[in-house]
Amino acid sequence: MNNIHPVCLMPKSPVTGDELAILVTRQGGFRLVSPEEDELGLVIVELGRASDNDFDLLRKLDADPRVTEIFVTARKKDPDLIIEAMRAGATEFMAQPLRPEDMSAALEGYLMRCRTREAHPVATSEEGGRIVHVVSAKGGVGGTTVAASLGVLAAQRGETVLMDMRLPQGDVPLFLDLAYTHTWASAMRDLARLDATFLRSLVERHSSGLHVLPSPDRQDGLETLSALGVKAMLGLMRATFPTTIVDGGPFSDELALASMQQAESILLVTELALPSLSGARRILDDIRQHAPQVEDRVRLVVNRLCSRSGVEAEEAEQLLERKVFCAIPDDYSNAVSAINQGVPLVTAHPRSAAARALQQLGERTFPQEGADARPGGLFARLLRRGEAGQASVPQTPLLHGSRG
C-alpha cells in the first residue's frame with residue numbers, strides 16, 4: 001500500500017497554483033505530479049469564467065483511468081456552477097479564497113475514501129453483477145411498476161436488490177406492501193463503514209425473495225447524499241448482488257447521473273403522450289450533455305400502449321432518436337389493482353398482456369443462457385401461461401431490436 005498519494009494541480013493562474021501547492025504539501029501524505037504522469041490520483045481544477053470548456057475537461061478527467069477523484073475551486077460560489085461541476089465528475093468544491101482548514105478537511109475525506117476503496121475493492125462490471133437503471137419520462141408513467149416487476153422476475157434467477165432512488169421517500173415499499181426500518185441514507189452518512197455486511201443490514205427482504213433498499217425521506221438528511229456516495233454504494237452492490245435494479249424516477253440530477261454511469265442498461269419509460277415524450281426528450285438531452293458516454297445504453301420502453309393515443313410509435317422513435325426496445329400494452333385496471341394490493345403486476349395478474357410484456361422485457365434485459373428451459377421459476381411459468389392463452393390474450397406489439 002502506497003501511503004504517498006499523487007495530486008495533480010490544474011490552476012488557471014500561477015498564484016492559485018502556488019497556493020494549492022503549499023496547502024497540499026503542508027498536509028503530508030501527498031506528492032505533486034504533472035498531467036503527463038502514469039498516475040494522477042487526485043486532480044484539483046480551478047474553474048474560470050469560460051466554464052463550458054472547464055466542464056468538458058472535468059468529464060474527460062472523470063473518464064481517465066489515471067484519475068481517482070476530482071476537486072474543483074472557483075472564485076464564485078455559485079450553486080448552479082457547483083451542481084454542474086458535480087454532474088461532470090467533481091467530488092468536492094472549495095471556494096476562494098482558499099482556507100487551510102477547508103483544504104485539510106477535504107484532503108482528510110479523500111484519504112478516508114481511499115482507505116475504504118483499498119479495504120473493500122469494488123468489482124468491475126466484467127467480474128461483478130449487473131446494474132439496470134429505470135428512469136421515468138415524468139411522474140406517473142409507470143416506472144415503479146416496471147422496476148418492481150423486473151425486480152421480482154430477476155429475483156427468481158438469483159439474488160437481486162431493488163434500490164429506490166425517488167426522493168424523498170419513493171413508492172417501492174408501497175408497491176410491494178413492505179415495511180422497512182432503514183434507508184440508503186445510512187450508507188451515505190458512514191461511507192467508511194460501508195461493506196457487504198453493512199449493506200445487507202440495510203436491505204429488507206420481500207416475500208418474493210427480492211431485496212429492497214428504500215429511499216431516504218426528509219428526516220434522513222438529504223443534504224448528506226452525494227454522487228460520490230451513490231457511486232461507491234452501487235459499486236459495492238455490484239460486487240455483492242448478481243443483479244441491481246434502480247428505480248430512478250423522472251430525474252437526471254447528479255445522483256441519477258451517477259447511477260446511470262454505473263449501469264449497463266438504462267430503461268427510459270414513457271407513454272405515447274406529448275408531456276411524457278417531452279420529458280423523455282429532456283432527459284435524453286441532459287444525458288447527452290452531462291454523461292454522453294451512457295447515451296448508447298438507453299433503451300426506450302413504451303408503457304400503456306393503446307391505439308387511441310394519437311401519437312404513433314414511429315413518431316416517438318423519430319423524436320427520441322431510438323427504436324422502441326419494448327412496448328407494454330395499456331392495462332390500467334390491472335396495474336391499479338396490483339398497486340392497491342401491494343403486489344407486483346407480474347404476480348397479481350400474471351395472465352395479463354402487460355405482465356407478459358414485462359416478462360419479455362425481463363428476459364431481454366437480463367439474458368441468461370437456458371433460463372427459459374428451467375422447470376420452475378416465475379419466468380418459465382409466465383411463458384407457459386402465455387403460450388396456453390394465446391387465443392384469448394392479444395400479442396404484445398412493437399418488440400423491436402435494441403438499436404440506438
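Q: Which residue in β13 stands opposite Val302?
A: Start by looking across from one strand to its partner. This is a predicted model, and in it Ala327 of β13 is the residue facing Val302. Strand β12 (residues 298-305) and β13 run parallel, joined by four bridges.

Q: Where does β13 sit in the sheet, and which strands are at the edges?
A: An edge strand pairs on one side only; here that goes for β8 (204-205) and β13 (324-329). The sheet is open, with eight strands in the order β8-β9-β7-β10-β6-β11-β12-β13 and mixed pairing.

Q: Which strands does α10 touch?
A: Look for helices lying against the sheet. α10 packs there, touching β6 (130-136), β10 (243-249) and β11 (265-270), and its direction makes about 140° with that of β6. Helix α11 (residues 274-290) packs on the sheet too, touching β6, β11 and β12, at about 155° to the direction of β11.

Q: At what angle do α9 and α10 pack?
A: For two helices, check the angle and the distance between axes. Helix α9 (residues 227-240) meets helix α10 (residues 254-262) at about 30°, with axes 9 Å apart. Because angles under 35 degrees count as roughly parallel, α9 is roughly parallel to α10. Among the residues in contact are Leu234 of α9 and Leu255 of α10. By class, that contact has five nonpolar, two polar and three charged residues.

Q: Is Gly170 buried or exposed?
A: Compare its relative accessibility with the cut-off: buried means under 20%. Gly170 has 12%, so Gly170 counts as buried. You'll find Gly170 in the loop between β7 (160-164) and α6 (172-175). Leaving aside neighbours within four places in sequence, Gly170 is in contact with Asp164 and Ser215.

Conventions
Residues numbered from 1 in each chain as written. Predicted model: local features only at pLDDT ≥ 70, side-chain atom pairs only at ≥ 80, totals over all residues. Heavy atoms only, no water. Buried < 20%, exposed > 50% of the residue type's maximum accessible area, 1.4 Å probe, protein only. Contact = heavy atoms within 4.5 Å. Axes fitted to C-alpha atoms, helices over the stretch in contact; angles between N-to-C directions. Parallel < 35°, antiparallel > 145°, perpendicular 65-115°, else oblique. Nonpolar A, V, L, I, M, F, W, Y, C, P; charged D, E, K, R; others polar. Pairing = 2+ DSSP bridges.
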